[in-house]
Amino acid sequence: MNYYEWRIIMRNKIKKILESHELLRLATLDENGFPNVRSVDFANDEEDESKIYFTTFKETNKVKELAKNNKVYVVVDKTANSIEELAQIQYIRGTGVTTELDSPEEIQKAMGLLITKYPFLKDLPGDPSMMSLFRIDLKEVKVTDNSLGFGHVDIFNY
């Protein structure tokens, strides 16, 4: 397999993981420089898996932290309930940068993707003006694929 074929396979694997996993763990840095990790609902762009969207209330610590430093670390994984499941699990860890969305077109696209994946988000309390939407642009992704050997990792750069 040549490099071009490998990149296609890896992008498809990353897209499949993003589409089949439910939560993204998002790490930012707090005001003291310590990591702050939380789970967020997310959806990936259908044409470009390196673009991931999430929404949050504007008054959260994550919004304040992202305003000071837009670099993030993400983990998208899931639990295994048996050694057989663990032997097949795939997940990603990666670095990226965030952008708060301000384009009406991109906001509509992001909310459409999020509500399709999580229909309950349309029932969030409060006014939509209380929310912020963000895009994560992935830079480097480490893909763990235990089906290729326990702890097997491939590194993919966008």
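This tour visits a group of paired strands and then one helix of a predicted model.

**Strand β1 and its partners**

Begin by selecting strand β1, residues 23-29. Add strand β5, residues 71-77, which runs antiparallel to β1 and is joined to it by 5 bridges. Next, add strand β2, residues 35-40. This strand is also antiparallel to β1, and 6 bridges connect the pair.

Now centre the view on R25. Which residue of β5 stands opposite R25? The residue is V75. Turning to β2, one finds S39 opposite R25.

**The hairpin**

Follow the chain from β1 into β2. The hairpin formed by these strands has 5 residues between them. Select G33 here: its phi is positive, near 85 degrees.

**Helix α4**

Move to helix α4, residues 104-117. Its 14 residues reach 20 Å from the first C-alpha to the last, close to the 20 Å expected at 1.5 Å a residue.

Within α4, select E106, A110, L113 and L114, which are buried, with under 20% relative accessible area. Why do these buried residues lie on the same side of α4? They do so because they cover an arc of only 95 degrees around the axis. In general, an α-helix has 3.6 residues a turn, so residues three or four places apart point the same way.

Rotate the view to the other side of α4 and select P104, E105, Q108 and T116; these residues are exposed.

Finally, display what the buried residues of α4 pack against: β3 (43-44), β4 (51-57) and β7 (131-145).

Note on methods
Residues are numbered from 1 along each chain as its sequence is written. This is a predicted model: local features need pLDDT of at least 70, side-chain atom pairs count only at pLDDT 80 or more; totals for chains, interfaces and linings use all residues. Side-chain values use heavy atoms; hydrogens and water are left out. Two strands pair if DSSP finds at least two bridges between them. Helices (H or I, at least four residues) and strands (E, at least two) are DSSP runs, numbered from the N terminus. The expected span of a helix is 1.5 Å times one less than its number of residues. Buried means under 20% relative accessible area, exposed over 50%, partly exposed in between (1.4 Å probe, protein chains only). The arc is that of the directions from the helix axis to the C-beta atoms. Contact means heavy atoms within 4.5 Å.
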